[in-house]
Amino acid sequence: MLKEFRPAVMSFVVLTVITGIVYPFVMTGFSQIFMSNTANGSLVVKDGKAVGSRLIGQAFSDPKYFWGRPSATSPMPYNGLASGGSNLGPTNPALIDEVKARLQALRDADPDNHAPVPVELVTASGSGLDPEISPAAAQYQVSRVAHARGLEVAAVNRLIAQHTEPRQFGILGEPRVNVLALNLALDTLH
Amino acid sequence: MTTNGFLQIVLFLGTLLLLAKPMGWYMSKIYEGDIPGFVRWFVPVEKGLYRLCGIESGQEMGWVRYAIALLWFSLLGMVAVYALQRLQGFLPFNPQHFGAVSPDSSFNTAVSFMTNTNWQAYSGESTMSYLTQMSGLTVQNFLSAASGMAVAVALIRGFARHSVKTVGNFWVDMTRSVLYILLPLSILFACVLVSQGVVQNFAANKIIHTVESQVYDNPKMDAAGNPVKDAAGNPVTEKATTQAQTIPFGPVASQEAIKMIGTNGGGFFNANSAHPYENPTPLTNFLQMIMMFLIPAGLCYTFGKMIGDTRQGWAILTAMTLVFVAMLAVTETSEQAGNPAFAALGIDQAASSTQAGGNMEGKETRFGIVNSALFATITTSASCGAVNSMHDSFMPLGGMVPLSLIQLGEVVFGGVGSGLYGMLIYAIIAIFIAGLMIGRTPEYIGKKIESFDIKMASLVILIPPLLILCGTAVAVMAEAGKAGVGNPGAHGFSEILYAFSSAAGNNGSAFAGLSANTPFYNIALGVAMFFGRIWLMVPVLALAGSLAAKKRIPSGAGTLATHTPIFVMLLIGTVFLVGALNFVPALGLGPVVEQLAMVGAH
């Protein structure tokens, strides 16, 4: 029984050093030297200051900006310290109420738009930090954004096309638009 | 399903099956001690490690000694993770200055990571210091996976050997799993992850100034830091404005890599693989899915190779793949169909070239429906438990598939090691049933299956349902159990059932609406995880010892062939009958009722 105790302690200590200290440190060192941008959060810098991350979404509610996915983090949406989804079940009345409220907010901000609302704009993302929306979700918001900024619809559409990322290698994932990048580009149009 | 969706699934399965053979060949070489040339420079490290630790690598162990070594090693891991969480406030690499984790949560997490479950009642980014994450949790990701692989190899040796008392040396099998298999793969994979955007640093979280300021309801706190509640018991909030966002950092990629390769599934962040810093692009998502199945699929070939008949390994792999594809079809269809309650509101849920459509609640845009449903099916087929979408928000039938796959015992590919030994147990049960039907003594791979073997196999099959069903029954009767439920009605029952299934099955995914970070759930689920792992490994090792001691009997005219399509179908049938029948009433009360109510309402 006790014969295996010493090898247990010793191999636990040695393997902890290898996998729990050497391995993460070597990976960090390597990443910091060769991939420092992505290893440090893919930050978006504007005028020398970080205004966000390409990968972490931000809350937008002004009609002149494109809105991202609803976020269920608390206490505020897109809280980087409390990632997670709503975990509301598909038949939970609370989910239906939230969806109706989001739908109403979209309709109120753009009363003349009677197109069906893409599902992503009324459903909370899994992480609560989803940085992207589908091209359809961006299309839906074009008239509101163009109107709020006094821009031509065609100009806004062009911007969406520029910021639409296709499926990776043409096959993986879904086509998508980075909301922060799109909004920053919009601000430079003026 | 869309054409592209179909192509993505074919690409995934094709890549996996192509990699199974080389991976399996490589692992068989490692475990037989015939280290291939391109990793031979690791040999001095291995030898040095044995010398340092007092391990006599040439000495073989009987199953009892093998089990004792495994138990000591697991116990130490558990104690270390517990201690690190309790003491993290005094230790370095804690830039956010997190204090000690509560005793019940620390116990739960320690058991969870030791047992390869990686159930997470805590939220990583607001609880665990970097030291706890890398030197406690990451280490257990390696070691619990290596322990599972060692047990699987011991069982394979039970079949491969005859008339001997020993099944291998635990320290050698475990060390080789780490040094030659898990660590090199993790290093490669972590590099790819960082290149795509997974963070890897030791910096403190960064606070940035967002483009737009936002107004939100902030819960009011009293002087002691507890939320203030009004007369009705609802939290009181006040309006607050902020333009700050905290960007979370840490050594994520190194943990993320082994989290998938070792089918662990414990995320650095609360949102797990849905978090853009854990799983930033469709490519990382694809590779994470491959990594979950790579070793489990490869081990099937390793099995065939080591027993000297690769057809046996391919038969097991075929059975796994067929069950997987059938279950995947249900999840994909169910999630792509979307929520009927939304259809009436004028919401567009149709898939098109510009959107994924379907039930997007709890799913990320970059993964859409196809990759979310695929990931969910994989993670619960394997005992991984990483999630890239919130299973609690899946449609009733879409959520029932992950739940059922866990309840089948995670033998469809399954966890590293545990998947193969689980499926081999089912194969023994299948051959036993077939033997009864034709009135012959059952044999599998040249070994006569006798009373002791069937007793051990039965323990492995019966202990998880006992833990799951009894645990669920206690929780739905106890006030402390019901208090955690996050969704009303049948779905709330599903949340509890899922929690105990996930714990006893060592999966770790959740219907996360359940508030499980309470003393009741931390302890109940901790106990379920412990017995769901240890009480299966010990009978499996006993079986390995019993098989190794048997003589090999040459196959004759009366031997049932176990590499044929008929055996594959028999095996699948046994998995469903034995594995699923236990849970039909419970599933009826949860997802089935919810589905019927939903269809009835629309």
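User: What volume does the largest pocket have?

Analyst: This is a predicted model, and in it the largest pocket comes out at about 750 Å³. Its lining has 30 residues, and the closest to the centre are Asn87(A), Gln120(B), Asn270(B), Ala512(B) and Leu514(B).

User: What makes a residue part of that lining?

Analyst: An atom of the residue has to be within 4 Å of a pocket point. For the largest pocket, 30 residues meet that, Asn87(A) and Gln120(B) among them.

User: How many charged residues does that lining have, and how do you know?

Analyst: None: the split is 13 nonpolar, 17 polar and no charged residues. Charged here means Asp, Glu, Lys or Arg, so the lining of the largest pocket holds none of those four.

User: What about the second largest pocket: how much space, and which residues lie nearest its centre?

Analyst: About 580 Å³ of space. There are 21 lining residues, and Phe60(A), Ser61(A), Pro70(A), Pro77(A) and Arg102(A) lie nearest the centre. Two elements give two or more residues to this lining: α3 (93–109) of chain A and β3 (206–219) of chain B. The largest share, 5 residues, is from α3(A).

User: How is the second largest pocket's lining split by class?

Analyst: It has 12 nonpolar, 6 polar and 3 charged residues. Arg102(A) lies among those nearest the centre, and Arg counts as charged, so Arg102(A) belongs to the charged class.

User: Why is Arg366(B) with Asp130(A) called a salt bridge?

Analyst: The rule wants a side-chain nitrogen of Lys or Arg within 4 Å of a carboxyl oxygen of Asp or Glu. The closest N and O atoms of Arg366(B) and Asp130(A) are 4.0 Å apart, so the pair qualifies. Across the interface of chain A and chain B, the rule finds 3 salt bridges. As for polar contacts, the count between the two chains is 50 residue pairs.

User: Which part of chain A gives the largest share of the side that touches chain B?

Analyst: That's α1(A), with 23 residues. By class, this side of chain A has 57 nonpolar, 33 polar and 16 charged residues.

User: How many residues does each chain bring to the contact, and what area is buried?

Analyst: Chain A brings 106 residues and chain B brings 119, with heavy atoms within 4.5 Å as the test. The buried area between chain A and chain B is about 8900 Å². Carbon and sulfur atoms give 65% of that area.

User: Why quote an area at all?

Analyst: Because interface size is often given as the accessible area lost when the parts come together.

Conventions
Residues are numbered from 1 along each chain as its sequence is written. Chains are lettered from A and ligands numbered from 1 in the order in which they are written. This is a predicted model: local features need pLDDT of at least 70, side-chain atom pairs count only at pLDDT 80 or more; totals for chains, interfaces and linings use all residues. Side-chain values use heavy atoms; hydrogens and water are left out. On a 1 Å grid over the protein atoms alone, a cavity is a set of points where a 1.4 Å probe fits but cannot get out, and a pocket is an open set with protein on both sides within 12 Å along at least five of seven lines; lining residues have an atom within 4 Å of a point. Grid points are joined across faces, edges and corners, and a volume is the space filled by probe spheres set on the points. Helices (H or I, at least four residues) and strands (E, at least two) are DSSP runs, numbered from the N terminus. Buried area is the accessible area (1.4 Å probe) that two parts lose on being put together, summed over both. A polar contact is a pair of N or O atoms within 3.5 Å; within protein, one must be able to donate a hydrogen and the other to accept it, and residues adjacent in sequence count only if both atoms are side-chain atoms.
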